[in-house]
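Hi everyone, thanks for coming. Let's take a look at this one together, starting with the cysteines and then stepping back to the overall fold.

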Amino acid sequence: MQVLVLAAVLGAMVWLVGNVQSNLERQNINSGFGFLSERAGFGINQTLIAYTEDDSFGRVVVVGLLNTLLVSGLGIFFATLLGFSLGVARLSRNWLISKIAMVYIEIFRNVPLLLQIMFWYFGVLRNLPSPRQALSVGDAMFMSNRGIVLPWLEAGAGAMWYGVALLGLAAGFFWLRRRTLKAKLTTGHSTRFWRPLLVLALALFGAAALMAGVPFALDVPQLKGFNFRGGLTVIPEFVALLLALSLYTAAFIAEIVRAGINSVNKGQREAAAALGLPERVALRLVVLPQALRVIIPPLTSQYLNLTKNSSLAVAIAYPDIVSVLAGTTLSQVGQALEIIFVTMMIYLSLSLLTSWAMNRYNQRMAFVGNNT
Amino acid sequence: MTDPVIRISDMNKWFGTFHVLRDINLQVAAGEKIVICGPSGSGKSTLIRCLNRLEQHQEGIIEVEGVSLDGSSKNLESIRSNVGMVFQQFNLFPHMSVLENCTLAPIWVKQKTKQEAEALARQFLERVRIPDQADKYPGQLSGGQQQRVAIARALCMNPDIMLFDEPTSALDPEMIKEVLDVMVELAEDGMTMLCVTHEMGFARQVADRVIFMDEGEIVEENEPEAFFSNPQNERTKMFLSQVLSH
Ligand SMILES: Nc1ncnc2c1ncn2[C@@H]1O[C@H](COP(=O)(O)OP(=O)(O)O)[C@@H](O)[C@H]1O
Ligand SMILES: [Mg+2]
């Protein structure tokens, strides 16, 4: 379904752009996407791929898109984690826990997101002391008004082997998890999980060390003059945007999770309890699978909202796709129509892709039959 | 008489300020079949739900097989795995197949292997006469079939005692008999049963004792013949005349 919509929209846009373009050409107005290969000439303060002023506008698009994906992806991750915890806490039988969750939810979902972004940025992160008086955590991590500087591993030649080891460990994790579950079902007892995983990790990284030595150098940031050198600098715009998006969306997700769990018939928990299932097993195997059916559709729209809301980055000049493309690039090359179209297309594709993935997941959760 | 498997003495329960169970005293011997009846809202469900602590009583003592229900979670665990319960609304897990419904607790509570649990489940599904529905989902079954699955699911834990809370009240009339037949068979096999029901035919056929409750009290109890033919209490008489008149 989404694929069809995407194709239709793409088609319509191509037609529209072509149409407008020929009109403009007739009037001798500069148009088209030629600018994408021209020299951009401006710097960007957070780039996940190599980028200099001499790179093209085309590369600017990729840099901006990656920045949008980074803040949205991490935002979705943290908002989901926090939102599920808050949703469960809201239903806690402990009065205090439940009230704390309630107060959080009411505050964060009722203050406009733009204000929250500005609060974190201008109110908190920009108000931190200058680098010379930076707050430090163990003299390795520093927080100042220029951002957060973390120690970082500088990777040299042979680091690839460690990457391979990490992939191997991930594969081992999933294999072990399946093995444990299978063992539970065939022998009735759980087998060890963490210990073999640890052994595997040691073996894999030991092998990597044998192959490549230790091609890493710990790069601890140090104050040089007015700013820090070395380490990894996380810009304050990113931190503020990520915080605001995660905390804001978590409040909505918490309400969705609460409603989802509440929608599961009370009799389901009672039946599980009467069978002697421990509460945690009942939550995981009986309640949550049913709640997820109700949770996933509105959760999807929260994910879409978060991604779209990340365009508020413009307000604090975080270099997301809107800032760099519909902002800086637009003001430099002036081809508003093309640029806005490209930006819209990017969001549309991201949204349709997300919906498609979540729908696939939801179909797997659907019940057979129509009774409750 | 051997020690009773269930012993309730001077038990009281409130919902907030509402006194829902008053001075309940009841002993049930192993293998005994008790039918509990009474008007709606009289506390029948609450009483049997106290026996596996789906509801908590505030005063008095409840002991099941010598283990006291006093809030200790270890006691509760042992009691719940020995007491099966069947609900009016079936409460099957809709996202699991019939077989998975039946094997869930044996696997996670009794640490059985999947193979053992499935063998056991098929055996009990056979006993409730739906061996061929094992791979279907609850939503694909009729009400009567669902309730029989619920009975099989409880039996898979090998309980010593079975509690039934109006097991046939949510069923269409033509399905009541198939569920009652299964329950009668279970009774004949010697299961200790406490059954809230208004199926008076069932009560006459299998009950050792019938208990009548009203407004949170046990008003009258007797053997079924005497209970139906010669009720002592005015409230019992009125209730019976209403139930038996249709
Ligand atoms: N969780 C509860 N909270 C408050 N009141 C309840 C609750 N459950 C039942 N009651 C009340 O307790 C009384 C007895 O209910 P119940 O045991 O379900 O009666 P019965 O099964 O005999 O119809 C009813 O008046 C009912 O409204
Ligand atoms: Mg009831």
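**Cysteines and overall fold**

Searching the whole structure, over all chains, turns up zero disulfides, a disulfide being a pair of cysteine sulfur atoms within 2.5 Å. Keep in mind that this is a predicted model: local features need pLDDT of at least 70, side-chain atom pairs count only at pLDDT 80 or more, and totals for chains, interfaces and linings use all residues. Residues are numbered from 1 along each chain as its sequence is written, chains are lettered from A and ligands numbered from 1 in the order in which they are written, and side-chain values use heavy atoms, leaving out hydrogens and water.

So why no bond at B:Cys50? Its closest cysteine sulfur, in B:Cys195, is 17 Å away, too far for a bond. B:Cys195 in turn has its closest cysteine sulfur in B:Cys37, at 11 Å, which is also too far. B:Cys50 is buried at 1% relative accessible area (buried means under 20%, with a 1.4 Å probe and protein chains only), and B:Cys195 is buried too, at 1%.

Now the fold. Chain B has nine helices and 10 strands, taken as DSSP runs (H or I of at least four residues for helices, E of at least two for strands). Its radius of gyration, over C-alpha atoms, is 18 Å, close to the 18 Å from the globule rule (2.2 Å times the number of residues to the power 0.38) for 246 residues, so chain B is as compact as a globular protein of that length. Buried residues make up 57% of those 246.

Terms used:
Buried < 20%, exposed > 50% of the residue type's maximum accessible area, 1.4 Å probe, protein only.
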